[in-house]
Amino acid sequence: MTKGSRSQMVAEWMRQQIRDGAWPLNTRIPTETELANLLGVGRSTVREATRSIADTGMLESGAGRGTFVRARSPVNAVLTDHLVHQPIRQVLGLRRAIEVEAAGLAARHRSPDDIERLRRSLDAAPRRDPEPGADRPDATGALVLPSPGSFHADIFDAAGNPLLAEFYQCAVAALRNGVSRGVLIPGTAAERLADHQRILEAIIAGDVEGARAAAADHADRDFVFASPGSPDPVSVESATAPNDGHSDDGHPDGARRQPQVGRRRTSRASSQTR
C-alpha cells in the first residue's frame with residue numbers, strides 16, 4: 001500500500017469520526033501522535049490526512065493549539081470566501097434567516113431520534129463562561145477551549161435540508177472570522193443555553209411558529225460588536241482591530257469575551273441590515 005492510499009484511508013476514517021459524532025463539533029481531536037499510534041501509521045500520514053480534511057473546512061488547525069472539528073461535512077470554500085468579504089451585518093442577517101427557517105422545518109419534521117440528539121447536544125453545552133483569556137485564539141484564529149456546538153447542526157439534520165446546512169456552515173465560518181478579528185463578541189453561555197432550551201421546547205412540541213420566533217430572538221442577540229463605533233457595513237476590508245490596547249479574543253460557539261480594563265463598551269450586533 002502506498003503512502004498516498006494510506007493517507008486517504010486515514011482521512012476517510014477521520015471523516016467518519018466527524019460524521020458519526022465521535023468527534024463533536026468544536027472539540028479538539030486527538031493529537032497527531034495519538035492518531036498515529038491508534039491507527040498504526042506514521043505521523044506524516046496522519047498529517048497529510050488532517051491537511052486534506054482541513055482543506056475542506058471540516059477541521060481547523062492552530063499552531064500549538066491542536067486541531068478542532070468545525071463542520072460535519074465539507075464547507076463550500078468559494079461561498080465562504082465570498083461571505084468573509086461581505087459586510088458582517090449582512091452575514092448576520094443571512095445566518096438569522098437560515099436559522100429561523102431550519103428551526104421551523106425541524107419543528108415540522110423532527111423524529112424521536114432527532115429530539116434525542118438535540119437533547120444530548122443541549123446537555124453537553126457549557127453552563128458557564130470560561131475564565132478571562134481562556135478562550136483566546138492564537139494568531140491563526142483557532143480557539144484554545146472551544147465548547148460543544150452540535151445543537152444547531154442537529155437542528156439542520158432534523159430540518160432535512162442539506163442545502164440550508166451548507167449555507168449555514170459558510171455563514172458561521174465567516175462569522176468565526178469576524179470573532180477571531182475582534183469585530184464580534186458572542187453572547188454568554190447562560191444566554192445561549194436559555195435560547196437553545198426555548199428553541200428545543202418548541203421543536204419538541206411541533207410548534208413551527210414558536211420555533212421560528214425562538215430562533216429569531218436567539219439570532220438577534222447572539223453577538224455584540226466589539227466597538228460601539230463599528231462601521232456599518234463591517235467587512236474584512238473595512239474592519240480594524242479594536243484600538244483599546246488589548247489582543248483579540250472570542251469564541252464563535254462558546255462564552256462572551258471577558259471584559260478587559262479600559263475596554264470600550266459593547267453594542268448589540270443587530271442581524272438586520274440597514
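The following exchange concerns a predicted model and the packing around its helix α7.

Q: How many helices and strands does the protein have?
A: The protein has 10 helices and 5 strands, taken as DSSP runs (H or I, at least four residues, for helices; E, at least two, for strands) and numbered from the N terminus. Residues are numbered from 1 along each chain as its sequence is written. Local features need pLDDT of at least 70 and side-chain atom pairs pLDDT 80 or more, while totals for chains, interfaces and linings use all residues; side-chain values use heavy atoms, without hydrogens and water.

Q: Why is α7 largely enclosed?
A: Because 9 of its 10 residues are buried, α7 is largely enclosed by the rest of the structure. Buried means under 20% relative accessible area with a 1.4 Å probe, counting protein chains only.

Q: Which helices do those buried residues pack against?
A: The buried residues of α7 pack against α5, α6, α8, α9 and α10.

Q: And what does F156 touch?
A: Leaving aside residues up to four places away in sequence, F156 touches I98, A102, N161, L164, A165 and Y168, a contact being heavy atoms within 4.5 Å.

Q: How many residues are in the largest nonpolar core?
A: That core has 29 residues; a nonpolar core is a set of buried Ala, Val, Leu, Ile, Met, Phe, Trp, Tyr and Cys residues joined through side-chain atoms within 4.5 Å. F151, I155 and F156 are among those with the most contacts inside it.

Q: Which helix gives the most to this core?
A: α5 does, with 7 residues.

Q: What follows α7?
A: G160 follows α7, and its phi is positive, near 75 degrees.

How values were computed
Buried means under 20% relative accessible area, exposed over 50%, partly exposed in between (1.4 Å probe, protein chains only).
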